[in-house]
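Thanks for making time this morning. I would like to walk you through one structure, moving from its helices to its strands and then to its cysteines.

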Amino acid sequence: MGDRGTSNLSEVTDFILVGFRVRPELHILLFLLFLLVYAMVLLGNVGMVVTIMSDPRLNTPMYFFLGNLSFVDLFYSSVIAPKALINFWSESKSISFAGCVTQLFLFALFIVTEGFLLAAMAYDRFIAICNPLLYSVQMSTRLCSQLVAGCYFCGCITAVVLTSMTFTLPFCASRAINHFYCDYRPVQRISCSDLYIHKTVSSFLCSVTILPTIIVIVVSYMYIVSTVLKIRSTEGREKAFSTCSSHLGVVSVLYGSIIFMYVIPDKFPELSKVASICYTLVTPMLNPLIYSLRNKDVKEALRKILGKKIFLLIFLTLI
(Lines give C-alpha, C1' and ligand atoms only; values in the text may rest on other atoms or scores of the structure.)
Protein backbone atom coordinates (compact mmCIF):
# COMPACT_ATOMS: atom_id res chain seq x y z
CA MET A 1 0.00 0.00 0.00
CA GLY A 2 3.01 2.22 0.23
CA ASP A 3 3.73 5.04 2.62
CA ARG A 4 0.78 6.10 4.75
CA GLY A 5 1.82 9.72 4.79
CA THR A 6 -0.88 12.18 3.88
CA SER A 7 -1.11 14.16 0.67
CA ASN A 8 -2.44 17.69 0.55
CA LEU A 9 -5.51 18.30 -1.61
CA SER A 10 -3.46 20.35 -4.08
CA GLU A 11 -0.93 17.51 -4.47
CA VAL A 12 -3.51 14.85 -5.43
CA THR A 13 -3.71 14.77 -9.21
CA ASP A 14 -5.42 11.44 -9.85
CA PHE A 15 -6.84 8.27 -8.32
CA ILE A 16 -6.78 4.59 -9.30
CA LEU A 17 -10.10 2.79 -9.74
CA VAL A 18 -9.37 -0.79 -8.71
CA GLY A 19 -12.62 -2.13 -10.18
CA PHE A 20 -13.46 -5.82 -9.89
CA ARG A 21 -10.83 -8.14 -8.43
CA VAL A 22 -11.18 -10.91 -11.00
CA ARG A 23 -8.83 -12.76 -13.30
CA PRO A 24 -7.68 -10.70 -16.32
CA GLU A 25 -9.43 -13.00 -18.81
CA LEU A 26 -12.78 -12.22 -17.15
CA HIS A 27 -12.35 -8.52 -17.94
CA ILE A 28 -13.44 -9.22 -21.53
CA LEU A 29 -16.64 -10.84 -20.29
CA LEU A 30 -17.32 -7.94 -17.92
CA PHE A 31 -16.61 -5.44 -20.70
CA LEU A 32 -19.11 -7.14 -23.02
CA LEU A 33 -21.71 -7.38 -20.24
CA PHE A 34 -21.34 -3.70 -19.30
CA LEU A 35 -21.41 -2.70 -22.97
CA LEU A 36 -24.60 -4.69 -23.64
CA VAL A 37 -26.41 -3.34 -20.59
CA TYR A 38 -25.30 0.25 -21.26
CA ALA A 39 -26.44 -0.02 -24.89
CA MET A 40 -29.86 -1.16 -23.65
CA VAL A 41 -29.90 1.74 -21.18
CA LEU A 42 -29.26 4.22 -23.99
CA LEU A 43 -31.75 2.64 -26.38
CA GLY A 44 -34.51 2.21 -23.81
CA ASN A 45 -34.32 5.61 -22.11
CA VAL A 46 -33.75 7.67 -25.25
CA GLY A 47 -36.64 5.78 -26.84
CA MET A 48 -38.87 6.47 -23.83
CA VAL A 49 -38.08 10.20 -23.82
CA VAL A 50 -38.67 10.51 -27.58
CA THR A 51 -41.92 8.55 -27.36
CA ILE A 52 -43.32 10.67 -24.52
CA MET A 53 -42.35 13.94 -26.23
CA SER A 54 -43.73 12.96 -29.63
CA ASP A 55 -47.17 11.61 -28.66
CA PRO A 56 -49.73 14.24 -27.47
CA ARG A 57 -51.73 11.51 -25.68
CA LEU A 58 -48.83 11.06 -23.28
CA ASN A 59 -48.95 14.70 -22.22
CA THR A 60 -50.10 13.83 -18.69
CA PRO A 61 -48.48 14.17 -15.25
CA MET A 62 -47.63 10.45 -15.05
CA TYR A 63 -45.70 10.52 -18.32
CA PHE A 64 -44.13 13.87 -17.46
CA PHE A 65 -42.59 12.23 -14.37
CA LEU A 66 -41.72 9.12 -16.37
CA GLY A 67 -39.93 11.19 -19.00
CA ASN A 68 -37.84 12.88 -16.30
CA LEU A 69 -37.12 9.47 -14.76
CA SER A 70 -35.76 8.22 -18.10
CA PHE A 71 -33.70 11.40 -18.47
CA VAL A 72 -32.16 10.91 -15.02
CA ASP A 73 -31.52 7.19 -15.66
CA LEU A 74 -29.80 8.01 -18.93
CA PHE A 75 -27.45 10.55 -17.44
CA TYR A 76 -26.41 8.93 -14.19
CA SER A 77 -25.63 5.63 -15.93
CA SER A 78 -23.62 7.63 -18.49
CA VAL A 79 -21.60 9.15 -15.64
CA ILE A 80 -20.47 5.64 -14.61
CA ALA A 81 -20.51 3.22 -17.55
CA PRO A 82 -18.15 4.82 -20.13
CA LYS A 83 -15.28 5.20 -17.65
CA ALA A 84 -15.83 1.65 -16.37
CA LEU A 85 -15.70 0.32 -19.95
CA ILE A 86 -12.45 2.18 -20.63
CA ASN A 87 -10.86 0.87 -17.43
CA PHE A 88 -11.52 -2.76 -18.39
CA TRP A 89 -8.89 -2.28 -21.12
CA SER A 90 -6.67 0.29 -19.43
CA GLU A 91 -3.45 -0.64 -17.66
CA SER A 92 -3.42 2.31 -15.28
CA LYS A 93 -7.18 2.48 -14.52
CA SER A 94 -6.63 6.05 -13.39
CA ILE A 95 -9.12 8.89 -13.13
CA SER A 96 -8.11 12.51 -12.67
CA PHE A 97 -8.92 14.36 -9.46
CA ALA A 98 -11.30 16.66 -11.34
CA GLY A 99 -12.85 13.67 -13.08
CA CYS A 100 -13.43 11.90 -9.76
CA VAL A 101 -15.01 14.99 -8.22
CA THR A 102 -17.27 15.44 -11.25
CA GLN A 103 -18.26 11.78 -11.29
CA LEU A 104 -19.22 11.75 -7.61
CA PHE A 105 -21.11 15.04 -7.87
CA LEU A 106 -23.15 14.07 -10.94
CA PHE A 107 -23.86 10.59 -9.67
CA ALA A 108 -25.06 11.89 -6.29
CA LEU A 109 -27.14 14.56 -8.04
CA PHE A 110 -28.97 12.13 -10.33
CA ILE A 111 -29.38 9.19 -7.93
CA VAL A 112 -30.91 11.39 -5.21
CA THR A 113 -33.10 13.11 -7.83
CA GLU A 114 -34.35 9.69 -8.94
CA GLY A 115 -35.36 8.78 -5.38
CA PHE A 116 -37.42 11.96 -5.04
CA LEU A 117 -38.91 11.45 -8.51
CA LEU A 118 -40.13 7.99 -7.49
CA ALA A 119 -41.76 9.57 -4.42
CA ALA A 120 -43.43 12.19 -6.64
CA MET A 121 -44.68 9.42 -8.94
CA ALA A 122 -46.14 7.56 -5.93
CA TYR A 123 -47.95 10.75 -4.89
CA ASP A 124 -49.24 11.15 -8.46
CA ARG A 125 -50.65 7.57 -8.42
CA PHE A 126 -52.20 8.26 -4.99
CA ILE A 127 -54.10 11.28 -6.32
CA ALA A 128 -55.09 9.48 -9.55
CA ILE A 129 -56.56 6.45 -7.76
CA CYS A 130 -57.80 7.90 -4.47
CA ASN A 131 -59.09 11.26 -5.79
CA PRO A 132 -59.71 10.71 -9.53
CA LEU A 133 -62.31 13.50 -9.86
CA LEU A 134 -59.84 16.09 -8.53
CA TYR A 135 -56.79 14.66 -10.33
CA SER A 136 -56.63 17.21 -13.16
CA VAL A 137 -57.02 20.07 -10.68
CA GLN A 138 -54.59 18.88 -8.02
CA MET A 139 -51.89 17.59 -10.39
CA SER A 140 -51.67 20.77 -12.43
CA THR A 141 -48.85 21.52 -14.83
CA ARG A 142 -47.47 24.06 -12.39
CA LEU A 143 -47.44 21.61 -9.46
CA CYS A 144 -45.78 18.89 -11.57
CA SER A 145 -43.07 21.32 -12.67
CA GLN A 146 -42.52 22.43 -9.07
CA LEU A 147 -42.26 18.82 -7.86
CA VAL A 148 -39.69 17.95 -10.54
CA ALA A 149 -37.73 21.15 -9.83
CA GLY A 150 -37.78 20.26 -6.13
CA CYS A 151 -36.41 16.79 -6.92
CA TYR A 152 -33.46 18.27 -8.82
CA PHE A 153 -32.91 20.88 -6.09
CA CYS A 154 -32.71 18.20 -3.37
CA GLY A 155 -30.33 16.20 -5.56
CA CYS A 156 -28.11 19.23 -6.14
CA ILE A 157 -27.93 20.20 -2.45
CA THR A 158 -27.08 16.62 -1.45
CA ALA A 159 -24.42 16.36 -4.17
CA VAL A 160 -22.77 19.64 -3.15
CA VAL A 161 -22.60 18.68 0.54
CA LEU A 162 -21.43 15.10 -0.08
CA THR A 163 -18.81 16.06 -2.69
CA SER A 164 -17.32 18.99 -0.77
CA MET A 165 -17.24 16.95 2.44
CA THR A 166 -15.47 14.03 0.71
CA PHE A 167 -12.83 15.89 -1.28
CA THR A 168 -11.70 18.21 1.51
CA LEU A 169 -10.29 15.17 3.34
CA PRO A 170 -6.51 14.61 3.47
CA PHE A 171 -5.67 11.54 1.38
CA CYS A 172 -3.04 8.90 2.01
CA ALA A 173 -0.14 8.10 -0.27
CA SER A 174 -2.18 5.21 -1.68
CA ARG A 175 -4.69 6.56 -4.20
CA ALA A 176 -6.33 3.20 -4.99
CA ILE A 177 -10.14 3.41 -4.71
CA ASN A 178 -11.58 -0.06 -4.21
CA HIS A 179 -14.52 0.45 -6.58
CA PHE A 180 -15.25 0.87 -10.28
CA TYR A 181 -16.34 4.50 -9.93
CA CYS A 182 -15.84 7.38 -7.48
CA ASP A 183 -18.39 6.82 -4.75
CA TYR A 184 -18.08 8.67 -1.46
CA ARG A 185 -17.54 5.65 0.82
CA PRO A 186 -14.66 4.09 -1.15
CA VAL A 187 -13.08 7.54 -1.59
CA GLN A 188 -13.37 8.37 2.11
CA ARG A 189 -11.80 5.00 2.94
CA ILE A 190 -8.41 6.07 1.51
CA SER A 191 -8.28 9.15 3.73
CA CYS A 192 -5.81 9.25 6.62
CA SER A 193 -8.01 11.38 8.89
CA ASP A 194 -10.53 10.28 11.51
CA LEU A 195 -13.77 9.61 9.61
CA TYR A 196 -16.15 9.49 12.57
CA ILE A 197 -17.67 12.92 11.92
CA HIS A 198 -17.75 12.37 8.14
CA LYS A 199 -19.44 8.98 8.54
CA THR A 200 -21.97 10.45 10.94
CA VAL A 201 -22.79 13.32 8.58
CA SER A 202 -22.92 10.97 5.57
CA SER A 203 -25.27 8.60 7.41
CA PHE A 204 -27.48 11.52 8.43
CA LEU A 205 -27.50 12.79 4.83
CA CYS A 206 -28.48 9.37 3.50
CA SER A 207 -31.24 9.12 6.10
CA VAL A 208 -32.57 12.57 5.23
CA THR A 209 -32.70 11.73 1.52
CA ILE A 210 -33.84 8.08 1.69
CA LEU A 211 -36.31 7.96 4.61
CA PRO A 212 -38.69 10.77 3.50
CA THR A 213 -39.02 9.30 0.00
CA ILE A 214 -39.67 5.81 1.41
CA ILE A 215 -42.28 7.21 3.82
CA VAL A 216 -44.08 9.04 0.99
CA ILE A 217 -44.06 5.90 -1.18
CA VAL A 218 -45.24 3.57 1.63
CA VAL A 219 -48.01 5.89 2.86
CA SER A 220 -49.20 6.58 -0.70
CA TYR A 221 -49.45 2.88 -1.47
CA MET A 222 -51.21 2.12 1.81
CA TYR A 223 -53.98 4.48 0.73
CA ILE A 224 -53.86 3.16 -2.84
CA VAL A 225 -54.25 -0.48 -1.76
CA SER A 226 -57.05 0.46 0.62
CA THR A 227 -58.89 2.28 -2.20
CA VAL A 228 -58.30 -0.40 -4.82
CA LEU A 229 -59.65 -3.16 -2.56
CA LYS A 230 -62.93 -1.23 -2.35
CA ILE A 231 -63.37 -1.33 -6.14
CA ARG A 232 -66.08 -3.85 -6.94
CA SER A 233 -65.10 -4.44 -10.54
CA THR A 234 -62.38 -7.09 -10.98
CA GLU A 235 -61.25 -5.38 -14.18
CA GLY A 236 -60.97 -2.05 -12.37
CA ARG A 237 -58.87 -3.58 -9.59
CA GLU A 238 -56.56 -5.28 -12.09
CA LYS A 239 -56.10 -2.06 -14.06
CA ALA A 240 -55.26 -0.08 -10.91
CA PHE A 241 -52.82 -2.69 -9.62
CA SER A 242 -51.23 -3.01 -13.08
CA THR A 243 -50.55 0.73 -13.13
CA CYS A 244 -48.91 0.62 -9.68
CA SER A 245 -47.03 -2.68 -9.91
CA SER A 246 -44.56 -1.27 -12.46
CA HIS A 247 -43.68 1.58 -10.12
CA LEU A 248 -43.36 -0.73 -7.13
CA GLY A 249 -41.03 -3.04 -9.07
CA VAL A 250 -38.70 -0.14 -9.90
CA VAL A 251 -38.78 1.13 -6.29
CA SER A 252 -37.98 -2.33 -4.90
CA VAL A 253 -34.91 -2.86 -7.12
CA LEU A 254 -33.52 0.64 -6.60
CA TYR A 255 -34.01 0.94 -2.85
CA GLY A 256 -33.08 -2.67 -2.15
CA SER A 257 -29.64 -2.22 -3.71
CA ILE A 258 -29.14 1.27 -2.25
CA ILE A 259 -29.97 0.10 1.28
CA PHE A 260 -27.52 -2.79 0.89
CA MET A 261 -24.82 -0.42 -0.35
CA TYR A 262 -25.21 2.53 2.03
CA VAL A 263 -27.11 1.38 5.12
CA ILE A 264 -25.61 -2.05 5.79
CA PRO A 265 -22.01 -1.84 7.13
CA ASP A 266 -19.49 -2.18 4.33
CA LYS A 267 -17.87 -5.48 5.33
CA PHE A 268 -18.04 -7.06 1.87
CA PRO A 269 -16.58 -4.64 -0.72
CA GLU A 270 -17.02 -7.03 -3.65
CA LEU A 271 -20.71 -7.58 -2.83
CA SER A 272 -21.09 -3.80 -2.56
CA LYS A 273 -19.76 -3.46 -6.10
CA VAL A 274 -22.30 -5.99 -7.35
CA ALA A 275 -25.09 -4.15 -5.50
CA SER A 276 -23.98 -0.85 -7.02
CA ILE A 277 -24.31 -2.37 -10.52
CA CYS A 278 -28.02 -2.82 -9.75
CA TYR A 279 -28.71 0.89 -9.38
CA THR A 280 -26.07 2.24 -11.79
CA LEU A 281 -26.93 0.01 -14.77
CA VAL A 282 -29.59 -2.63 -14.10
CA THR A 283 -32.30 -0.26 -12.80
CA PRO A 284 -31.84 2.28 -15.65
CA MET A 285 -32.06 -0.65 -18.10
CA LEU A 286 -35.19 -2.14 -16.50
CA ASN A 287 -37.16 1.09 -16.01
CA PRO A 288 -38.11 1.70 -19.67
CA LEU A 289 -38.76 -2.02 -20.20
CA ILE A 290 -41.06 -2.27 -17.16
CA TYR A 291 -43.02 0.88 -17.97
CA SER A 292 -43.30 0.25 -21.72
CA LEU A 293 -44.17 -3.45 -21.64
CA ARG A 294 -46.87 -2.98 -18.98
CA ASN A 295 -48.37 0.19 -20.44
CA LYS A 296 -50.79 0.10 -23.37
CA ASP A 297 -50.46 3.83 -24.16
CA VAL A 298 -46.67 3.63 -24.40
CA LYS A 299 -46.79 0.47 -26.53
CA GLU A 300 -49.29 2.09 -28.90
CA ALA A 301 -47.16 5.24 -29.18
CA LEU A 302 -44.06 3.11 -29.89
CA ARG A 303 -45.93 1.22 -32.63
CA LYS A 304 -46.87 4.50 -34.30
CA ILE A 305 -43.32 5.85 -34.16
CA LEU A 306 -41.81 2.60 -35.46
CA GLY A 307 -44.50 2.37 -38.14
CA LYS A 308 -43.66 5.86 -39.39
CA LYS A 309 -39.93 5.10 -39.46
CA ILE A 310 -40.47 1.82 -41.33
CA PHE A 311 -42.70 3.60 -43.86
CA LEU A 312 -40.10 6.36 -44.31
CA LEU A 313 -37.34 3.77 -44.75
CA ILE A 314 -39.34 1.92 -47.41
CA PHE A 315 -40.15 5.19 -49.17
CA LEU A 316 -36.48 6.26 -49.23
CA THR A 317 -35.49 2.82 -50.50
CA LEU A 318 -37.95 3.03 -53.38
CA ILE A 319 -36.71 6.48 -54.30
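Let me begin with residues 201–224, where the chain is 100% helix and 0% strand, and where the C-alpha atoms at the two ends lie 35 Å apart. Please keep in mind throughout that this is a predicted model. That stretch is one of those that UniProt lists, in an unreviewed entry, under "transmembrane region", and according to the same record 101–123 is another. Over residues 101–123 the picture is again 100% helix and 0% strand, with 33 Å between the end C-alpha atoms.

Now to the helix designated α7, which covers residues 196–228. Its 33 residues reach 47 Å from the first C-alpha to the last, which is close to the 48 Å expected at 1.5 Å a residue. Which residues of α7 are buried? They are His198, Ser202, Leu205, Cys206, Thr209, Ile210, Thr213, Ile217, Ser220, Tyr221, Ile224 and Val228. As background to reading such a list, an α-helix has 3.6 residues a turn, so residues three or four places apart point the same way.

Turning to the interior, the largest nonpolar core has 84 residues, and the members that touch the most others are Phe15, Phe34 and Leu118. The largest share of this core, 21 residues, is supplied by helix α3, which runs over residues 97–130.

Phe15 deserves a slower look, and I will start with the strand that carries it. Strand β2, residues 14–17, has a covered face made up of Phe15 and Leu17, whereas Asp14 and Ile16 form the uncovered one. This strand pairs with β3, residues 94–96, in the antiparallel sense over three bridges, and there Phe15 stands opposite Ile95. With β5, by contrast, β2 runs parallel, and two bridges join them; the partner of Ile16 in β5 is Ala176. If we set aside residues up to four places away in sequence, Phe15 touches Lys93, Ser94, Ile95, Phe97, Cys100, Phe167, Phe171, Arg175, Ile177 and Ile190.

One name in that list, Cys100, takes us to the cysteines. The structure holds one disulfide, which joins Cys100 to Cys182 with an S to S distance of 2.0 Å. It links distant parts of the chain, since Cys100 sits in helix α3 while Cys182 lies in the loop between β5 (176–177) and α6 (184–189), 82 residues apart. Is this disulfide left-handed or right-handed? The torsion about the S-S bond of Cys100 and Cys182 is about -115 degrees, so the disulfide is left-handed.

As for accessibility, Cys100 counts as buried because its relative accessibility is 0%, and Cys182 likewise counts as buried at 0%. Cys144 is buried too, with a relative accessible area of 4%, whereas Cys156, at 32%, is partly exposed.

I will finish with a polar residue, Asn68, which is found in helix α2, residues 61–89. Why does Asn68 count as buried? Its relative accessible area is 14%, and the cut-off for buried is under 20%, so Asn68 falls within that class. Leaving aside its neighbours within four places in sequence, Asn68 is in contact with Leu117, Val148 and Tyr152.

Technical notes:
Residues numbered from 1 in each chain as written. Predicted model: local features only at pLDDT ≥ 70, side-chain atom pairs only at ≥ 80, totals over all residues. Heavy atoms only, no water. Core = buried A, V, L, I, M, F, W, Y, C linked by side-chain atoms within 4.5 Å. Buried < 20%, exposed > 50% of the residue type's maximum accessible area, 1.4 Å probe, protein only. Helix = DSSP H or I, 4+ residues; strand = E, 2+ residues; numbered from the N terminus. Contact = heavy atoms within 4.5 Å. Expected span 1.5 Å × (residues − 1). Disulfide = S-S within 2.5 Å. Pairing = 2+ DSSP bridges. UniProt positions renumbered as here; feature names shortened; annotations may be inferred.
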